[in-house]
Amino acid sequence: MANQARETAGGAGRARGRMRLPVELRAFWVASLAAFALTFLVGWLKYRAGQSWYNWDPLSDPLFGDLDEYHGTYTLLHTAAFFFNVAGRPWPYPLWGAVAYPPFAAAVMAPLYRFPIPILLYLIVAGAWLTALVGWAIRGLMRAGMVPATAVLLPLTLVAISFPVERLVHEGNIELVMWVFTALGVWAWWRGHDDAAAVLWGLAAAMKLFPMVLLILLLPRGKWRAFAVGVGTFVGATVLSLWWLGPSLGVAWRGSLQNVFGYQGARVSEWTLRELVANHSVMGLAKMAALVAHFPLDKMTLPYYACGALAMGVAFFGKLWKMPAANQLLAVSAFMVMFPPISYYHTLTHLYAPLAVLAWVAIRAEQAGVRVRGLLGTMLLFVPLFTAFTVTTYPQARVYCGLVQALVLVALFCCALEYPFAVGGTD
């Protein structure tokens, strides 16, 4: 009956074509536009104050810097030198820059460097993906009964002003492909296609390990077989990639391990302005606490992982297990983005999936004429996460974007634990 009532309300809205934009979406839209305008104002003031270009230009890094980094490395594909340069040393001391990604990510990147113009291929993929996302959102809003102008402008402007999206494309980062896998996996999971979701999330985890946590979303549904499929996909994609990268499984395995963990070890040990600004991992907050407590930073990795795993386990199996699917997705996505010790701006694109689900809840609530407690505040928390780092970075005042965003991500996680995001007791 509840489903039938919602469909009837949705049909009436579509027939009128005049459904009011929910207050939560309207507030998020206005706040996002205001934050984007603030980016230019703050940048201009910092520039006039004579601050360095890094403090006022959010796109100050070299254009397509991440993509250009590995041109020389991929000329050595299928040889031991791909992992260990001529000096025999892995990351962080390579000749050209050994690939600091797990094997499947390294394999996915290979076609880019086989293409005559890698940047062009990257832009084609990015353009197709962003066009598909905007088109999907427009279609959904129009089906819900939104005025066509609102249905088009809302997703189009939000994508255009999103700093994580801009930074992702500007740097040419391979996170784009992983974002495709995770987002399509969320769509499949939300539609009940659990096996497809598991495969997509398994592939994403094979590119970077942290999306593996998404598989726990299958457990409250009792989808143990799908969970196993996801783990199997991760293992299979990793082994096949190691075999393909060559020159042998053993060489590829040892090289990948040393490069991936060499990169992470070097980054984790840093306590620089770049890390404070760009890295929104809660590891930054843990480092601050360790410094205050005079705890050695080189000994905090294992306690950090143990405490994080324990906190997530207690939260998910103790409370989130019986909460709405929107809450589960929001909490797991926030944890996936904030817990890895290295997590830069472009990883925040993975939060668009839970944001879309919260927008869907807001639309359903508007159709039903009710308000969902905590939804407005929760959606507004996404604004500082999608805003350029220059707005929330003031070194003179000891305010840094990475630490601010880490706190916001913790707040998002707590909101998922506190407020049930559902309409009328249903997902």
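Helices here are DSSP runs of H or I with at least four residues, numbered from the N terminus. With that settled, open the model, which is a predicted one, and start clicking.

**Stop one: the pocket.** Go to the second largest pocket, with a volume of about 940 Å³. To land in the middle, select Y101, K208, Y263, I342 and Y344, the lining residues nearest its centre. Now widen the selection to the whole lining, 38 residues. Colour it by type and you should get 24 nonpolar, 6 polar and 8 charged.

Which helix gives the most to this lining? Show α12 (249–268): α12 leads with 5 residues. Then add α4 (65–68), α8 (163–171), α13 (273–278) and α16 (325–338), each of which supplies at least two lining residues.

**Stop two: just ahead of α12.** Select P247, in the loop between α11 (224–245) and α12. Check the peptide bond from G246 to P247: cis, with omega near 5 degrees.

**Stop three: the loop before α4.** Pick F64, which sits between α3 (53–56) and α4. Its phi is near 55 degrees, a positive value in a residue that isn't glycine. Buried or exposed? F64 counts as buried because its relative accessibility is 11%, and the cut-off for buried is under 20%.

**Last stop: R398.** Jump to the loop between α18 (375–380) and α19 (401–418), where you'll find R398. Here too phi is positive, about 60 degrees, in a non-glycine residue. R398 has 63% relative accessibility, so it counts as exposed; the bar for that is over 50%.

Notes
Residues numbered from 1 in each chain as written. Predicted model: local features only at pLDDT ≥ 70, side-chain atom pairs only at ≥ 80, totals over all residues. Heavy atoms only, no water. 1 Å grid on protein atoms, 1.4 Å probe; cavity = no way out; pocket = protein on both sides within 12 Å on 5 of 7 lines; lining within 4 Å. Points joined across faces, edges and corners; volume = space filled by probe spheres on them. Nonpolar A, V, L, I, M, F, W, Y, C, P; charged D, E, K, R; others polar. Buried < 20%, exposed > 50% of the residue type's maximum accessible area, 1.4 Å probe, protein only.
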